[in-house]
Amino acid sequence: MRLMPDAKQGRVLAVVLLLITLILVYLIGVHWWFVAPLSQYRQEMIDLREEEARFRAIAQQRDAIREALAQVREFESSNPGFLTEANFDLAASGLIQRLQEQVDVLQAGDRCSVVSRTPFRGNAPGQGGRGSNASDSPFERVTVKVRLRCEMEHFGPLLYGLESGSPQLFVSELTITGRRAAPGGRARSRNQPANAGYLDIAFDMYGYLRRTPGGGA
C-alpha cells in the first residue's frame, strides 16, 4: 500500500499549492492594497470628468440664461396686472380711489354708496396660505375690506368694472346680509322690480404689489 504520491503527482500538487499561494499573496499583498484603491480612484476620476463636462455645458449656456432672465424681468416690469404703486399704503389708497371712481361711474346717487373701506394687512387666503411665510412670496397682496349699501342692479356693473380694469383686481369673501328699505322710509311701489331693495354688501377687494429685490414692497 502506497502512502506517498509518486513523483509526477507530487509535482502537480506542488504546482497547485504554488498557484494557491501566489493567488493568496496577490489578494492579500497586492490587490487590496494597490489594485482596488487604484480602481476606485479611476472611477472617481471618470465621475469628476463627467461632472466637469456638465458644468462646462451649463457655463456655455450662461449668456442664453441671462438673456432669458432679462426678458422675464422686462415682461414683469411691464405687466399691467400688478399694482404700480411703490408700497402698501399708496397701493391701498389707489384701490380706494378706484372703488370710488367705479361707484361714481354708475351715477346711482344714494342707491349705491360706499359705507366703509378699510385697508387690511395679513396673510389672507391666496397670499401664501396657512402655515407659510407671506414674506417669502415675490408679491404682496394689498387688500381693502369694503362695505356697500347698494341695489343689486347697480352692484353687478360695479363688480364687473372692478374686476375687468387694469391693473387687475380681485373680489373675494363676498357676503350679502339682507335687504333694507330705501333711505327716508320710501316704500317700494308696485311697479318697482323685486331687486330694487337696498342690500348690505361686504367683500374683500385686492390686488398684488410686486416686491422689490430687497424684500420690501
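Rings of Phe, Tyr and Trp (its six-membered ring) count as a pair when their centres lie within 6.5 Å, with planes under 30 degrees apart called stacked, over 60 edge-to-face and the rest tilted. By that rule, Phe-170, Tyr-206 and Tyr-208 make up one aromatic cluster. A word on the ground rules: this is a predicted model, where local features need pLDDT of at least 70, side-chain atom pairs count only at pLDDT 80 or more, and totals for chains, interfaces and linings use all residues. Residues are numbered from 1 along each chain as its sequence is written, and side-chain values use heavy atoms, leaving out hydrogens and water.

**Layout**

The protein has 4 helices and 4 strands, running α-α-α-β-β-α-β-β along the sequence. These elements are DSSP runs numbered from the N terminus (helices are H or I, at least four residues; strands are E, at least two). Of the 217 residues, 23% are buried, meaning under 20% relative accessible area, with exposed over 50% and partly exposed in between (1.4 Å probe, protein chains only).

**Aromatics**

The whole structure holds 4 aromatic pairs. In one of them, Phe-170 and Tyr-208 have ring centres 6.1 Å apart and planes at 70°, so the pair is edge-to-face. Phe-170 sits in strand S3 (residues 170-180) and Tyr-208 in strand S4 (residues 198-210), so this contact ties together parts 38 residues apart in sequence. Tyr-206 and Tyr-208 are edge-to-face too, at 5.9 Å centre to centre and 90° between the planes. Phe-170 is partly exposed at 27% relative accessibility, while Tyr-206 is buried at 12%.

Charges join in here as well. A charge sits over a ring if NZ of Lys or CZ of Arg is within 6 Å of the ring centre and within 35 degrees of the ring normal. Arg-141 lies over the face of Tyr-206, 3.5 Å from the ring centre, and the charged end of Lys-145 is over the ring of Phe-120, 4.9 Å from its centre.

**Salt bridges**

Side chains of opposite charge can pair when their charged atoms come close. The structure has 5 salt bridges, each a side-chain nitrogen of Lys or Arg within 4 Å of a carboxyl oxygen of Asp or Glu. Among them are these:

| Pair | N to O distance |
|---|---|
| Glu-140 and Arg-121 | 3.7 Å |
| Lys-145 and Asp-204 | 3.1 Å |
| Arg-147 and Asp-200 | 3.6 Å |

Lys-145 is in strand S2 and Asp-204 in strand S4, so their bridge ties together parts 59 residues apart in sequence. Arg-147 in strand S2 and Asp-200 in strand S4 are 53 residues apart, again linking distant parts of the chain. On the basic side, Lys-145 is partly exposed at 36% and Arg-147 is partly exposed at 34%. On the acidic side, Asp-204 is buried at 8% and Asp-200 is buried at 9%. Glu-140 is also buried, at 10% relative accessibility, and belongs to a salt-bridge network with Asp-89 and Arg-121.

**Disulfide**

There is 1 disulfide (a pair of cysteine sulfur atoms within 2.5 Å). Cys-112 and Cys-150 form the bond, with sulfur atoms 2.1 Å apart. Its S-S torsion is about -100°, so the disulfide is left-handed. Cys-112 lies in strand S1 (residues 112-120) and Cys-150 in strand S2 (residues 139-151), so the bond ties together parts 38 residues apart in sequence. Both cysteines are buried.
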